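Colleague: I'm new to this one, so could you walk me through it? I'll keep asking until I get the picture.

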Amino acid sequence: MTTTAPGRPAVHLGADDLPFVDIGGGNKLKVLCVKEDEGLWIVENVFQPGFAVETHRHTGPVYGYTTSGAWKYAEYDYVNRAGSFLFEPAGSVHTLTCVEPDTRVWFQMYGANLNLDADGNITSVTDGPGTLRAYRALCEAQGFGRPNVLVG
């Protein structure tokens, strides 16, 4: 006979359990999970046309899923649309640009984004812990209080 010992309970976050914060120009950020010891950070964004993330290189893999709108990388011809799944291997370099209003994308990232200038020099680093600190500060400043992000 096999028995199953009680494990840790599942954690559920409903669609409205964490707020989107305004990061300027109608663009929004929601941080869902940061597991610093794993280098994992999961975010959801809403982008408006013309929004761009500076050119960056990933130190770990990234998984992206688009639920509405459209966005692309300046370096590639394909466009990510609703239902698109994207895998970015560690070391990939690109510049995200939004092409449709209210583009909604979920990203699961490992490691950090090394932000680059036109010559490929690192100008700054974006990672899970830093993004979580910024998200919490924006939540407080925008009247949402301290969000219950899944951390570990």
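Colleague: Which residues form a nonpolar patch on the surface, and how much accessible area do they have together?

Modeller: Bear in mind that this is a predicted model. The patch is made by Tyr 65, Phe 85 and Phe 87. Taken together, their accessible area is about 330 Å².

Colleague: Is Phe 87 buried, partly exposed or exposed?

Modeller: You'll find Phe 87 in strand 8, which covers residues 85–88. Buried would need under 20% relative accessible area, and exposed would need over 50%. Phe 87 has 42% relative accessibility, so it counts as partly exposed.

Colleague: Which strand pairs with strand 8 over 4 bridges?

Modeller: Look for the strand that runs antiparallel to strand 8. Within that pairing, Gly 64 stands opposite Leu 86 of strand 8. Gly 64 belongs to residues 62–68, and that stretch is strand 5.

Colleague: And what is the bridge partner of Gly 64 in strand 11?

Modeller: Strand 5 also pairs with strand 11 (residues 103–110), in the antiparallel sense and over 6 bridges. In strand 11, the partner of Gly 64 is Phe 107.

Colleague: Which strands stand at the edges of the open sheet?

Modeller: That sheet has 4 strands in the order 9-4-12-13, with antiparallel pairing. The edge strands each have a single partner, so one side of each is left without a neighbour in the sheet. They are strand 9 (93–94) and strand 13 (122–127).

Colleague: Which residue of strand 13 does Asn 113 stand opposite?

Modeller: Strand 12, residues 112–116, runs antiparallel to strand 13, and 5 bridges join them. Opposite Asn 113, in strand 13, is Thr 126.

Colleague: How many disulfides does a search of the whole structure find?

Modeller: Two cysteine sulfur atoms would have to be within 2.5 Å to count. Cys 139 is in no disulfide, and its nearest cysteine sulfur, that of Cys 33, is 15 Å away. For the whole structure, the search gives 0.

Colleague: Is Cys 139 buried or exposed?

Modeller: The cut-off for buried is under 20% relative accessible area. Cys 98, at 5%, counts as buried. Cys 139 has 0% relative accessibility, so it counts as buried.

Colleague: Last one: what percentage of residues 15–111 is strand?

Modeller: UniProt, in an unreviewed entry, places the feature "domain: ChrR-like cupin" at those residues. The end C-alpha atoms of the stretch are 26 Å apart. Helix makes up 0% of it, and strand makes up 57%.

Methods. Residues numbered from 1 in each chain as written. Predicted model: local features only at pLDDT ≥ 70, side-chain atom pairs only at ≥ 80, totals over all residues. Heavy atoms only, no water. UniProt positions renumbered as here; feature names shortened; annotations may be inferred. Helix = DSSP H or I, 4+ residues; strand = E, 2+ residues; numbered from the N terminus. Patch = residues over 30% accessible without salt bridge, like charges linked within 9 Å, V, L, I, M, F, W, Y side chains within 5 Å. Areas by Shrake-Rupley, 256 points an atom, 1.4 Å probe, with all protein chains shown as cover. Salt bridge = Lys/Arg side-chain N within 4 Å of Asp/Glu carboxyl O. Buried < 20%, exposed > 50% of the residue type's maximum accessible area, 1.4 Å probe, protein only. Pairing = 2+ DSSP bridges.
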